Amino acid sequence: TGENFEEIVNDAKRAVFVEFYAPWCGHCKNLAPIWDELATNVGADDLMIAKVDSTENELESVSVQGFPTLKFWPKGADKKIVDYDGGRDLGSLTAFLEEQTDKEAEATTDEL
């Protein structure tokens, strides 16, 4: 919800991939079962797959131009939002998350 959104996405201990949707949006309805499957397949303690109803929650910190809008907050203290503009299929979404989490692992290794 909008009340705890900032706390969740800014938690340095986890990455968060968020779908901003509208209940009336046809593209969002098509993505819903894929998004749920993604959450089941890749969700973990350090990776949250979330969704926000943008008709119910106005978030000043996030720019949503259309629906669905997908954004990724990486794990760590330096949270630079990554806009997702790839395919809306399970394979593309999973590959994106693998790429992002590989970058996080490299950044951690570089800091040692």
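This is a short tour of the structure above, stop by stop, with something to select at each one.

**Before you start**

You are looking at a predicted model, in which local features need pLDDT of at least 70 and side-chain atom pairs count only at pLDDT 80 or more, while totals for chains, interfaces and linings use all residues. Residues are numbered from 1 along each chain as its sequence is written, and side-chain values use heavy atoms, with hydrogens and water left out.

**Stop 1: the whole chain**

Show the chain as a cartoon. You should find 3 helices and 4 strands; here helices (H or I, at least four residues) and strands (E, at least two) are DSSP runs, numbered from the N terminus. Walking along the sequence, you meet them in the pattern α-β-α-β-β-β-α. Of the 112 residues in the chain, 34% are buried. Buried means under 20% relative accessible area, exposed means over 50%, and partly exposed lies in between, with a 1.4 Å probe and protein chains only.

**Stop 2: the sheet**

Now color the strands. The 4 strands make an open sheet with mixed pairing, in the order S2-S1-S3-S4. S2 and strand S4 (82-84) are at the edges with a single partner strand each, so one side of each has no neighbour in the sheet. From one strand to the next, the twist averages 25°. Two strands count as paired if DSSP finds at least two bridges between them. Strands of a sheet pair through backbone hydrogen bonds, either parallel or antiparallel.

**Stop 3: strand S1 and its two partners**

Select residues 15-21, which form strand S1. Because 6 of its 7 residues are buried, S1 is largely enclosed by the rest of the structure. Add residues 47-53 for strand S2, which runs parallel to S1 and is joined to it by 7 bridges. To follow the pairing, pick these residues:

- Val16, whose bridge partner in S2 is Met48.
- Phe17, which stands opposite Ile49 in S2.
- Tyr21, which stands opposite Asp53 in S2.

S2 has 5 of its 7 residues buried, so this strand too is largely enclosed by the rest of the structure.

Next, add residues 69-73, strand S3, which pairs with S1 in the antiparallel sense over 5 bridges. Here Phe20 stands opposite Thr69.

**Stop 4: Glu19**

Stay in strand S1 and show the side chain of Glu19. Is Glu19 buried or exposed? Its relative accessibility is 3%, so Glu19 counts as buried. Leaving out residues up to four places away in sequence, Glu19 touches nine residues' worth of surroundings that you can light up by name: Cys28, Leu31, Trp35, Ala50, Lys51, Val52, Pro68, Thr69 and Leu70. Contact means heavy atoms within 4.5 Å. Glu19 and Leu70 are 51 residues apart along the chain, yet their C-alpha atoms are separated by 4.6 Å.

**Stop 5: helix H2**

Select residues 26-42. This is helix H2, through which the chain crosses from S1 to S2. This β-α-β crossover is right-handed, meaning that, with the strands pointing away from the viewer, the path from the first strand over the helix to the second runs clockwise.

How does the length of H2 compare with what its 17 residues should span? At 1.5 Å a residue, the expected span is 24 Å, and the end C-alpha atoms are 25 Å apart, which agrees. The expected span is 1.5 Å times one less than the number of residues.

Look for Ala32, where H2 has a kink of about 40°, shortly before the proline Pro33. The bend at a residue is the angle between axes fitted to the seven residues ending there and the seven starting there. Then show Cys28, Leu31, Trp35 and Leu38, the buried residues of H2.

**Stop 6: helix H3 and Thr94**

Select residues 90-111, helix H3, and pick out Thr94. At 19% relative accessibility, Thr94 counts as buried. Thr94 touches Leu38 and Val42, not counting residues up to four places away in sequence.

**Stop 7: a cis bond and helix H1**

Go to the loop between S2 and S3 and find Pro68. The peptide bond joining Phe67 and Pro68 is cis, with omega at about -10°.

Finish at Glu6 in helix H1 (residues 5-9). Glu6 is partly exposed, with a relative accessible area of 36%. Select Leu59 as well: Glu6 and Leu59 are 53 residues apart in sequence and 8.9 Å apart in space, C-alpha to C-alpha.

Notes: Axes are lines fitted to C-alpha atoms, for helices over the stretch in contact, and angles run from 0 to 180 degrees between N-to-C directions.
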